[in-house]
Amino acid sequence: MSRIALVTGATSGIGRATAIALAKQGYSIIATGRRSERLQELQQQITEVPVHTLQFDVRDRAAVSEAISSLPTEWRAIDVLVNNAGNAHGLSSIQNGALEDWDAMLDINVKGLLYVTHAVLPLMLAQKKGHIINIGSIAGKEVYANGNVYCASKFAVDAISKGMRIDLVQEGIKVSEVNPGLVETEFSEVRFKGDKARAATVYQGYEPLRAEDIADLIAFMVTRPAHVNLAEVLILPAAQASATVVHKQ
Ligand code: NDP
Ligand code: 8X3
């Protein structure tokens, strides 16, 4: 078996593009997500390396643990973990926010990332090597109006990434954080609960990043020499200057 990369949220957007990009780099892929039909499609699309799929909800602590424990021996030597699964749910002021949206964002973006990391880390510690890449956001660097809890979840990813890097440096495990700005994926459709027209307006009037742009960056990060860690990268569309400043034509 070649080097192995596990990508969460590989059924869509950044995670899917990352699985494809890492496969092109020769990584065997463990692709995870909730939508099994999409996992199967991805498995059929990637022909250059073996693909193993795991269907679970990152919020379900037992399911995460069982899925990673179920990995066949030849899939256990995970070299790269991309903690990508996540979304925004809603865009509301704190006074109008919905508790179920807050639960979803904190449970998926923060606790889900921790559950997957907790399950995968022993496999990396046993090898004394590995590379964990957490997908944060510009929303984890700057708070914007109505972003409150989504921003909090990504500030948490930022803190967790920094803490992980400190704790794991002695174990030979690299920890990196990728903080994208606006990337056109299903992200806004999920945020706006299936309202495609509203989601489309987020990406109008300028050229947003594509999922493949983030995947390229991740492929670059994991192919640096062993002594190099690109610890943190903020990646924006050329038309974006901050969380709230986007030059639209
Ligand atoms: P998408 O909506 O296209 O993809 C989200 C992925 O996360 C899907 O594969 C989805 O899989 C998975 N996911 C969501 N909830 C769960 C869950 N409970 N359990 C397991 N998997 C889950 O969005 P993006 O590709 O844009 O988002 C990927 C990451 O990038 C997120 O962490 C997001 O916060 C971050 N990000 C996105 C930006 C953007 O502008 N698009 C900018 C900055 C950061 P499934 O539904 O099949 O479970
Ligand atoms: C996604 C980017 O600006 O919608 O994290 O928060 S933004």
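These are my notebook entries on the ligand sites, the largest pocket and the cavities of this structure.

**Entry 1: the model**

I began by noting that the model is a predicted one. I kept this in mind for each entry below.

**Entry 2: ligand 1**

I asked which residues come nearest to ligand 1. There are 31 residues around ligand 1, and T11, S12, R34, Y150 and T185 come nearest. I then sorted the shell by class and got 13 nonpolar, 12 polar and six charged residues.

I looked up which helices take part. Helices α1 (13-24), α5 (148-168) and α6 (187-191) each give at least two residues to the shell around ligand 1.

Next I went through polar contacts to oxygen atoms of ligand 1. In the side chain of Y150, an N or O atom is 2.7 Å from an oxygen atom of ligand 1. From the backbone, a polar atom of V183 is 2.9 Å from an oxygen atom of the ligand. E186 also takes part through its backbone, where an N or O atom lies 3.2 Å from an oxygen atom of ligand 1. I then checked how far ligand 1 is covered: on its own it has 880 Å² of accessible area, and the protein covers 98% of that.

**Entry 3: ligand 2**

I turned to ligand 2 and listed its surroundings. The residues around it are S137, A139, Y144, Y150, F187 and R191. By class I recorded four nonpolar, one polar and one charged residues in this shell.

Which side chains place a polar atom 2.6 Å from an oxygen atom of ligand 2? I found Y144, with a polar side-chain atom at 2.6 Å from a ligand oxygen. I also found Y150, where a side-chain N or O atom is 2.6 Å from an oxygen atom of ligand 2. For S137 I noted 2.5 Å between a polar side-chain atom and an oxygen atom of the ligand. Ligand 2 taken alone exposes 240 Å², of which the protein buries 87%.

I marked Y150 for its side-chain contacts, as it has one to an oxygen atom of ligand 1 and one to an oxygen atom of ligand 2.

**Entry 4: the largest pocket**

Where do the ligands sit? I found that ligand 1 takes up space in the largest pocket, and that ligand 2 is in the largest pocket too.

I read the volume of this pocket as about 1100 Å³. Its lining has 49 residues, and the closest to its centre are G86, N87, Y150, T185 and F187. Of these, I had already listed Y150 and T185 among those that come nearest to ligand 1, and F187 as one of the residues around ligand 2.

I checked the helices again for the pocket. At least two lining residues come from each of α1, α5, α6 and α7 (196-201). Which helix gives the most to this lining? That is α6, with four residues. By class, the lining splits into 22 nonpolar, 19 polar and eight charged residues.

**Entry 5: the largest cavity**

I moved on to closed space and asked how many cavities of 30 Å³ or more there are. The count comes to two. For the largest cavity I noted a volume of about 80 Å³. It is lined by 15 residues, and H89, G90, S92, M105 and N148 are the closest to its centre. Two or more lining residues come from each of α4 (99-127) and α5. The largest share is three residues, from α4. I sorted the lining of the largest cavity into five nonpolar, eight polar and two charged residues.

**Entry 6: the second largest cavity**

I recorded about 30 Å³ of space in the second largest cavity. Lining it are T8, V58, N83, N84, A85, I108, G112, L113 and V116. Here α4 gives the most to the lining, with four residues. By class I noted five nonpolar, four polar and no charged residues.

I closed with a note on α4: it gives the largest share of the lining of the largest cavity and the most to the lining of the second largest cavity.

Definitions and conventions: Residues are numbered from 1 along each chain as its sequence is written. Chains are lettered from A and ligands numbered from 1 in the order in which they are written. This is a predicted model: local features need pLDDT of at least 70, side-chain atom pairs count only at pLDDT 80 or more; totals for chains, interfaces and linings use all residues. Side-chain values use heavy atoms; hydrogens and water are left out. A residue is near a molecule or strand if one of its heavy atoms lies within 4 Å of it. A polar contact is a pair of N or O atoms within 3.5 Å; within protein, one must be able to donate a hydrogen and the other to accept it, and residues adjacent in sequence count only if both atoms are side-chain atoms. Accessible areas come from the Shrake-Rupley method with a 1.4 Å probe; for residues, only the protein chains shown count as cover. On a 1 Å grid over the protein atoms alone, a cavity is a set of points where a 1.4 Å probe fits but cannot get out, and a pocket is an open set with protein on both sides within 12 Å along at least five of seven lines; lining residues have an atom within 4 Å of a point. A molecule sits in a cavity or pocket if more than half of its atoms lie within 2 Å of its grid points. Ala, Val, Leu, Ile, Met, Phe, Trp, Tyr, Cys and Pro count as nonpolar, Asp, Glu, Lys and Arg as charged, and the others, Gly among them, as polar. Grid points are joined across faces, edges and corners, and a volume is the space filled by probe spheres set on the points.
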